[in-house]
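These are my notebook entries on a structure that I had not examined before. I set down what I looked up, topic by topic.

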Amino acid sequence: MSFKVRGRITKINNVQTGKGAKGEWKKISFLLDNGEKFNNLFVFDLFGAEKVDNFLKYNSEGKEVDVSFNVK
């Protein structure tokens, strides 16, 4: 099931990298505030070099975005 939330990026953490059994990996986390009455905050993680690079290329703190995500 897919969900969608709209909000403002309030914090972008530093890129994390490492090496695992399947090779090198790259990850970034960011905080999204949807501006609702009770300050609903969401933390999202992006995995994969291409996804991380594209996120950093097109997004910055303070930008309003739509995020689609799946819950696992």
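**Entry 1: Overall layout**

I began with the terms: helices (H or I, at least four residues) and strands (E, at least two) are DSSP runs, numbered from the N terminus. With that settled, I read the order along the sequence, and the protein chain follows the pattern β-β-β-β-α-β. I noted that the model is a predicted one. The count of elements is 1 helix and 5 strands.

I then looked up the extent of the chain. Its C-alpha trace spans about 45 × 25 × 15 Å along the principal axes. The protein chain has 72 residues, of which 22% count as buried. I recorded an exposed area of about 5600 Å², with carbon and sulfur atoms supplying 50% of it. Among contacts with a separation of 6 or more, 52% are between residues 24 or more positions apart.

**Entry 2: Strand pairing**

Which strand pairs with β1 over 7 bridges, and in what sense? I found that the partner of β1 (residues 2-12) is β5 (residues 64-70), and that the two pair in the antiparallel sense. As one point on this pairing, I noted that R8 has E64 in β5 as its bridge partner.

I also looked up β3 (residues 23-33), which is joined to β1 by 4 bridges and runs antiparallel to β1. Here I12 stands opposite F30 of β3.

**Entry 3: The nonpolar core**

I recalled the general tendency: in soluble globular proteins, nonpolar side chains tend to be buried together. I therefore looked for the largest nonpolar core, and it has 11 residues: V5, I9, I12, I28, F30, L32, F44, V52, F55, V65 and V67. At least two residues of this core come from each of β1, β3, α1 (49-58) and β5.

I examined I9 as one member of the core. Leaving aside residues up to four places away in sequence, I9 touches F30, L31, L32, F55, N59, S60, E61, G62, K63 and V65.

One of these, N59, I followed further. N59 lies in the loop between α1 and β5. Is N59 buried or exposed? I entered it as buried, because its relative accessibility is 18% and the limit for buried is under 20%. With residues up to four places away again not counted, N59 touches I9, I12 and V65.

**Entry 4: L46**

I placed L46 in strand β4 (residues 41-47). L46 counts as partly exposed, because its relative accessibility is 23%. Beyond residues up to four places away in sequence, L46 touches K26, K27, I28, F30, K51, V52 and F55. I also looked up its separation from V15: the two are 31 residues apart along the chain, and their C-alpha atoms are separated by 9.8 Å.

**Entry 5: Aromatic rings**

How many aromatic pairs does a search of the whole structure find? The search gives 5. I noted that ring pairs link F3, F30, F42, F44, F55 and F69 into a cluster.

**Entry 6: Salt bridges**

Side chains of opposite charge can pair when their charged atoms come close. My search of the whole structure for such pairs found 4 salt bridges.

I looked first at R6 and E64, whose side chains meet in a salt bridge at 3.4 Å, N to O. R6 lies in strand β1 and E64 in strand β5, so this pair ties together parts that are 58 residues apart in sequence. I entered R6 as partly exposed, with a relative accessible area of 45%, and E64 as partly exposed, at 37%.

R6 also forms a salt bridge with D66, where the closest N and O atoms are 2.8 Å apart. This pair links distant parts of the chain, D66 in strand β5 and R6 in strand β1, 60 residues apart. D66 is partly exposed, with a relative accessible area of 43%.

I next recorded the salt bridge of K26 with D53, with the closest N and O atoms 2.7 Å apart. K26 is in strand β3 and D53 in helix α1, and this link spans distant parts of the chain, 27 residues apart. K26 is partly exposed, with a relative accessible area of 23%, and D53 is partly exposed too, at 39%.

My last note concerns shared partners: salt bridges that share them join R6, R8, E64 and D66 into one network.

Technical notes. Residues are numbered from 1 along each chain as its sequence is written. This is a predicted model: local features need pLDDT of at least 70, side-chain atom pairs count only at pLDDT 80 or more; totals for chains, interfaces and linings use all residues. Side-chain values use heavy atoms; hydrogens and water are left out. Two strands pair if DSSP finds at least two bridges between them. A nonpolar core is a set of buried Ala, Val, Leu, Ile, Met, Phe, Trp, Tyr and Cys residues joined through side-chain atoms within 4.5 Å. Buried means under 20% relative accessible area, exposed over 50%, partly exposed in between (1.4 Å probe, protein chains only). Contact means heavy atoms within 4.5 Å. Rings of Phe, Tyr and Trp (its six-membered ring) pair if their centres lie within 6.5 Å; planes under 30 degrees apart count as stacked, over 60 as edge-to-face and the rest as tilted. Accessible areas come from the Shrake-Rupley method with a 1.4 Å probe; for residues, only the protein chains shown count as cover.
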